[in-house]
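Hi,

Here's the structure I said I'd pass on to you. Have a look at it first, then read my notes underneath.

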Amino acid sequence: MLTFLLWLILFIICWPIAIAALILYPFVWLLLLPFRLLGFAVDLSFDLVRNIFMLPFRLAGVK
């Protein structure tokens, strides 16, 4: 909702930039999608490594 309100303010102040932002937003989102997926994969990899190292402590009952 906040993003929409900010866009409306931009539309009132300078409508050509607001229309350009509205048109370019899907392309920017598609351009950034691989980096989002890469970040998700790296996060999962670090979680896996952390869980592998913590497994002996979990089995021993240490928190």
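Below is what turned up, starting with the overall shape and then going through the side chains.

One thing to keep in mind throughout: this is a predicted model.

**Overall shape**

The secondary structure is quick to describe: 2 helices and 0 strands. Helix 1 covers residues 2–13, and helix 2 runs over residues 15–60.

How does the radius of gyration of the protein compare with that of a compact globule of 63 residues? Such a globule would be near 11 Å, but the protein has 22 Å. The C-alpha trace fits with that picture, spanning about 65 × 25 × 10 Å along its principal axes.

You can also look at how much of the chain is covered. Of the 63 residues, 2% count as buried. The protein exposes about 6100 Å², and carbon and sulfur atoms supply 82% of that area.

**The aromatic rings in helix 1**

A search of the whole structure gives 2 aromatic pairs. The pair made by F4 and W7 is stacked, with 6.5 Å from centre to centre and 20° between the planes. Why might these two rings be able to meet? F4 and W7 are 3 residues apart in helix 1, so about one helical turn separates them.

W7 also pairs with F11, and that pair is stacked as well, at 5.3 Å centre to centre with 25° between the planes. The spacing is again about one turn of the helix, since W7 and F11 both lie in helix 1, 4 residues apart. Put together, F4, W7 and F11 form one aromatic cluster.

Are these rings buried or exposed? They fall in between. F4 is partly exposed, with a relative accessible area of 46%. W7 is partly exposed too, at 22%, and F11 gets the same label at 35%.

**The buried alanine**

Now find A18, which is in helix 2. Its relative accessibility is 0%, so A18 counts as buried. Which residues does A18 touch, leaving aside those up to four places away in sequence? The answer is W7, L10 and F11. Two of those names should look familiar, as W7 and F11 belong to the aromatic cluster.

**The nonpolar patch**

F11 comes up once more on the surface. Along with W15, I19, L22, I23, L24, F27, V28, L31, L32 and F35, F11 makes a nonpolar surface patch of about 1200 Å². Helix 2 gives the most to this patch, with 10 residues. One of the patch residues to click on is F27, which has its place in helix 2. At 53% relative accessibility, F27 counts as exposed, because the cut-off for that label is over 50%.

**The salt bridge**

Side chains of opposite charge can pair when their charged atoms come close. How many salt bridges does the count come to here? The count is 1. The side chains of D47 and R50 meet in it, at 3.5 Å from N to O. The two partners are 3 residues apart in helix 2, so they are separated by about one helical turn. Both ends have some access to the outside: D47 is partly exposed at 26% relative accessibility, and R50 is partly exposed at 48%.

**Some distances to try yourself**

If you want to practise with the distance tool, here are some C-alpha pairs.

- I12 and Y25 are 13 residues apart along the chain, and their C-alpha atoms are separated by 18 Å. I12 lies in helix 1 and counts as exposed, with 71% relative accessibility.
- D43 and T3 are 40 residues apart in sequence and 27 Å apart in space. D43 lies in helix 2 and is partly exposed, with a relative accessible area of 44%.
- A18 and V49 are 31 residues apart in sequence and 44 Å apart in space.

If you only have a few minutes, start with the cluster of F4, W7 and F11, then move across to A18, which touches W7, L10 and F11.

Cheers

Notes: Residues numbered from 1 in each chain as written. Predicted model: local features only at pLDDT ≥ 70, side-chain atom pairs only at ≥ 80, totals over all residues. Heavy atoms only, no water. Phe/Tyr/Trp six-rings, centres within 6.5 Å; stacked < 30°, edge-to-face > 60°. Buried < 20%, exposed > 50% of the residue type's maximum accessible area, 1.4 Å probe, protein only. Patch = residues over 30% accessible without salt bridge, like charges linked within 9 Å, V, L, I, M, F, W, Y side chains within 5 Å. Areas by Shrake-Rupley, 256 points an atom, 1.4 Å probe, with all protein chains shown as cover. Salt bridge = Lys/Arg side-chain N within 4 Å of Asp/Glu carboxyl O. Rg over C-alpha atoms; globule rule 2.2 N^0.38 Å. Contact = heavy atoms within 4.5 Å.
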